[in-house]
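The exercises below concern ligand contacts and salt bridges in one structure. Work each one from the coordinates before reading its solution.

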Amino acid sequence: METLQELEQITAMPRIGDDAPKFQAITTQGDINFPDDYAGKWVILFSHPADFTPVCTSEFMTFANLESKFNKANCELVGLSIDGLYSHIAWLRTIKEKIEFNGMKDIEVKFPLIEDITMEVAKKYGMIQPGESKTQAVRAVFFIDPKGIIRAIIYYPLSLGRNFDEIYRALIAMQTSDAFSVATPADWNPGDDVIISPAGSCGVAEDRMVGKEEDLNCEDWFFCTKKLGKEEVLNTVIKN
Ligand code: BEZ
């Protein structure tokens, strides 16, 4: 039975808009000082339940295969499980040498994988969710922006492999919102219309309703969209 303090530690949950909790850790790529080492970049910090498990293996292969795509969007990947460094190294070596999945093989995981045997980092980030497992991290995905602010969080249960197209879509959508001061509607992808927030003054709203503002399409005062070209989005958020 945990003490109240232990329970509070386990159930602490960082929220959207919080500073990303700081930590220092050993990883498969050397020591890291998080999030300071990533200042000026987006980071996806994600946890998996355990090394040498099949769903996690499929996820690591998929993420490693997509790493350069994320890097081009100024985003670094950092993994974590509550396994030790030597387990991580042996697992990643086995993946490279032996595992074939979805047409991928010989996959080398080059992004850092944090060892967290003490669960210190996992607890800080609310990755241990006792109703799901007391001894393994759930599949958490934290999107942290270049200022070290948590911008989005997705949690999946142990049995459910993540959708990496959605993780990439969410990253590009948030970068687009920041760059163009817009919001993105359901199922948005680059090239689709974006949402303009409702106007602050009646005058502006009336202009919108009669379509005076350039490129704006208003269904009603609270629902205005405008075109934003795919090239414009990609040229802004993707670095070659
Ligand atoms: C997996 O990665 O396959 C897995 C890990 C923990 C529980 C269930 C599945």
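**Exercise 1.** With which residue does Arg151 form a salt bridge?

Two notes on the basis come before the solution. The model is predicted: local features need pLDDT of at least 70, side-chain atom pairs count only at pLDDT 80 or more, and totals for chains, interfaces and linings use all residues. Residues are numbered from 1 along each chain as its sequence is written, and side-chain values use heavy atoms, with hydrogens and water left out.

*Solution.* Apply the criterion: a salt bridge is a side-chain nitrogen of Lys or Arg within 4 Å of a carboxyl oxygen of Asp or Glu. The partner of Arg151 is Asp178, with the closest N and O atoms 2.8 Å apart. Next, place both residues: Arg151 belongs to strand β7 (residues 150-156) and Asp178 to helix α5 (residues 164-180), so the pair ties together parts 27 residues apart in sequence. Helices (H or I, at least four residues) and strands (E, at least two) are DSSP runs, numbered from the N terminus. Last, check accessibility, where buried is under 20% relative accessible area, exposed is over 50%, and partly exposed is in between (1.4 Å probe, protein chains only). Arg151 is partly exposed at 25%, and Asp178 is partly exposed at 41%.

**Exercise 2.** Are Glu59 and Arg139 buried or exposed, and how far apart are the closest N and O atoms of their salt bridge?

*Solution.* The closest N and O atoms of Glu59 and Arg139 are 2.8 Å apart. Glu59 sits in helix α2 and Arg139 in strand β6 (residues 139-144), so this salt bridge links parts that are 80 residues apart in sequence. Both residues are buried. Through shared partners, salt bridges join Glu59, Arg139 and Arg162 into one network. The structure holds nine salt bridges.

**Exercise 3.** Which residues are around the ligand, and which helix gives the most to this shell?

*Solution.* Select residues with a heavy atom within 4 Å of the ligand. The selection is Pro49, Thr53, Pro54, Val55, Cys56, Gln136, Arg139 and Leu158. Helix α2 (residues 54-72) gives the most, with three residues.

Then list polar contacts, here pairs of N or O atoms within 3.5 Å:

- The side chain of Thr53 places an N or O atom 2.9 Å from a ligand oxygen.
- A backbone N or O atom of Pro54 is 3.3 Å from a ligand oxygen.
- A polar backbone atom of Cys56 is 2.9 Å from a ligand oxygen.

Finally, compute cover with the Shrake-Rupley method and a 1.4 Å probe. On its own the ligand has 260 Å² of accessible area, and the protein covers 78% of this.

How values were computed:
A polar contact is a pair of N or O atoms within 3.5 Å; within protein, one must be able to donate a hydrogen and the other to accept it, and residues adjacent in sequence count only if both atoms are side-chain atoms.
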